[in-house]
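Me: I would like a close look at the enclosed spaces in this protein and at the helix packing that goes with them. Please take the structure below as the starting point.

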Amino acid sequence: MAHQWRGIVAEYADRLPAHVQETVVTLGEGGTPLVPAPVLSDRTGAEVFVKVEGMNPTGSFKDRGMTTAISAAAGRGAKAVVCASTGNTSASAAAYATRAGMICAVLVPDGKIAMGKLSQAIAHGARLLQVDGNFDACLVAARKLAEAYPVELVNSVNPDRIEGQKTASFEIVDALGDAPDIHVLPVGNAGNITAYWKGFREYAGLDAGAAHPAVATRTPVIWGFQAAGAAPIVAGYPIDEPETIATAIRIGNPASWAQAEDARDTSGGLIEAVTDEQILAAHRVLSAEVGVFVEPASAAGVAGVLALAEAGRVPQGARIVITVTGHGLKDPQWALRTPDGSDVQPVRVSADVVSIASALGLD
Ligand SMILES: *Cc1c(COP(=O)(O)O)cnc(C)c1O
């Protein structure tokens with residue numbers, strides 16, 4: 001084998017803390033494709049790429065932070081971890097904990113988890129508890145459990161998560177040769193926007209210490225997008241009953257709220273809201289025109305850029321990277337609905353070439 005990507009801890013060892021490197025628990029995460037999206041470039045007048053984080057081992061960017069969080073826990077001899085999750089954190093924690101021989105407890109909000117994610121957590125042997133409450137309530141409970149009992153918290157309030165997730169910024173700069181003009185991503189609990197900003201800053205030689213020469217000449221402007229029914233940072237106050245079909249960002253009181261505002265303000269960026277309709281329209285553009293299948297939350301960044309383009313707010317010719325955060329197979333039902341809300345019905349034909357050709361309009 002000429003070269004196989006070794007996972008982010010090995011690939012970016014010199015930029016990660018020593019304590020995550022003693023007992024490395026990896027499934028080969030990171031090294032995800034940065035895909036040019038000419039369709040989005042045409043629609044926006046910018047040069048647009050999508051960073052396809054659904055290509056991580058469990059199908060979302062959470063794996064970047066889970067390899068570091070579980071490695072650190074393993075290094076300390078931890079036997080059990082806990083997380084609150086809208087789905088992808090639990091899928092990832094369950095896989096990495098299994099790999100490390102640990103017990104994984106998962107607190108998920110009652111009835112609001114996409115089927116693909118639930119089945120992953122169960123398949124990997126997590127102790128899954130459906131909590132009578134929303135994500136924010138699950139996170140409060142998980143934090144208290146980790147304080148009072150011998151279990152480690154692996155939500156993104158764990159700084160090792162942020163360390164791992166910052167490597168996505170490194171990969172983007174490594175691929176493009178410098179930071180993009182604008183980096184765009186969905187915002188839920190706001191760990192990822194925190195991590196990207198940290199990574200871009202460190203690669204530009206800021207906050208990184210003398211041992212780390214600058215790789216990028218600059219940092220990008222950061223644009224974050226929340227779902228309109230779950231947009232506390234946009235509103236300026238917590239949302240008690242967040243509602244959106246984009247379950248991965250259905251969060252009313254983000255744990256990394258202040259860090260998200262810092263990324264926005266220090267970068268000269270913005271955090272705005274997109275409606276579920278805009279998210280589903282962007283989801284359709286990504287799958288039907290770009291060729292990338294994502295879960296609804298992952299389309300929020302694309303929805304935001306398309307909305308700003310329509311308002312004439314996208315700088316023409318700018319180089320823009322949009323992170324699409326999770327795989328479409330996590331929550332596949334949305335592809336089976338037409339824009340007017342009815343179910344897509346497969347066309348039935350008999351098994352002869354003439355009727356198949358006729359159904360395809362080839363005659
Ligand atoms: C976790 C998640 C998000 C939100 O990321 P935060 O770090 O919570 O802001 C967005 N999309 C997907 C697919 C996720 O799994």
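How do the residues of the lining of the second largest cavity divide into nonpolar, polar and charged?

Reply: The model is a predicted one, and in it the residues of the lining of the second largest cavity divide into 2 nonpolar, 2 polar and 2 charged. The residues concerned are Thr 86, Pro 109, Lys 112, Phe 135, Thr 247 and Arg 250. Under the classes used here, Pro and Phe count as nonpolar, Lys and Arg as charged, and the others, Thr in this case, as polar. The volume that these residues line is about 30 Å³, and a search of the whole structure for cavities of 30 Å³ or more finds 2.

The largest cavity encloses about 300 Å³ of space. It is lined by 28 residues, of which Phe 61, Lys 62, Gly 188, Asn 189 and Ala 248 are the closest to its centre. Two or more lining residues come from each of helix 4, helix 7 (159-165) and helix 9 (191-203). Taken by class, the lining of the largest cavity comprises 10 nonpolar, 15 polar and 3 charged residues.

Helix 4 can also be followed into its contacts with other helices. Helix 3, residues 62-75, packs against helix 4, residues 88-100, at an angle of about 40°, and the two axes are 9 Å apart. Helix 3 and helix 4 are therefore oblique to each other, and their crossing is right-handed. From helix 3, the residues that take part are Lys 62, Asp 63, Met 66, Thr 67 and Ile 70, and they meet Asn 88, Thr 89, Ser 92, Ala 93, Tyr 96, Ala 97 and Ala 100 in helix 4. This contact of helix 3 with helix 4 divides into 6 nonpolar, 4 polar and 2 charged residues. Lys 62 thus appears in two settings, being among the residues closest to the centre of the largest cavity and also among the helix 3 residues that meet helix 4.

Helix 4 has a further partner in helix 5, residues 115-123, where the axes come within 8 Å and cross at roughly 20°. That angle makes helix 4 roughly parallel to helix 5, and the crossing of this pair is left-handed. Here Asn 88, Ser 90, Ala 91 and Ala 94 of helix 4 meet Lys 117, Gln 120 and Ala 121 of helix 5, a contact with 3 nonpolar, 3 polar and 1 charged residues. Asn 88 is listed in the contact with helix 5 as well as in the contact with helix 3.

Another helix pair can be set beside these. Helix 12, residues 276-290, and helix 13, residues 300-310, pack with their axes 8 Å apart and at an angle of about 100°, which makes helix 12 roughly perpendicular to helix 13. Gln 278, Ile 279, Ala 282, Val 285 and Leu 286 form the helix 12 side of the contact, while Ala 300, Val 302, Ala 303, Leu 306 and Ala 307 form the helix 13 side. By class, the contact of helix 12 with helix 13 has 9 nonpolar residues, 1 polar residue and no charged ones.

Methods. Residues are numbered from 1 along each chain as its sequence is written. This is a predicted model: local features need pLDDT of at least 70, side-chain atom pairs count only at pLDDT 80 or more; totals for chains, interfaces and linings use all residues. Side-chain values use heavy atoms; hydrogens and water are left out. Axes are lines fitted to C-alpha atoms, for helices over the stretch in contact, and angles run from 0 to 180 degrees between N-to-C directions. Helices (H or I, at least four residues) and strands (E, at least two) are DSSP runs, numbered from the N terminus. Angles under 35 degrees count as roughly parallel, over 145 as roughly antiparallel, 65 to 115 as roughly perpendicular and the rest as oblique. A crossing is left-handed if the near helix is turned anticlockwise from the far one by less than a right angle, and right-handed if clockwise. Contact means heavy atoms within 4.5 Å. On a 1 Å grid over the protein atoms alone, a cavity is a set of points where a 1.4 Å probe fits but cannot get out, and a pocket is an open set with protein on both sides within 12 Å along at least five of seven lines; lining residues have an atom within 4 Å of a point. Grid points are joined across faces, edges and corners, and a volume is the space filled by probe spheres set on the points.
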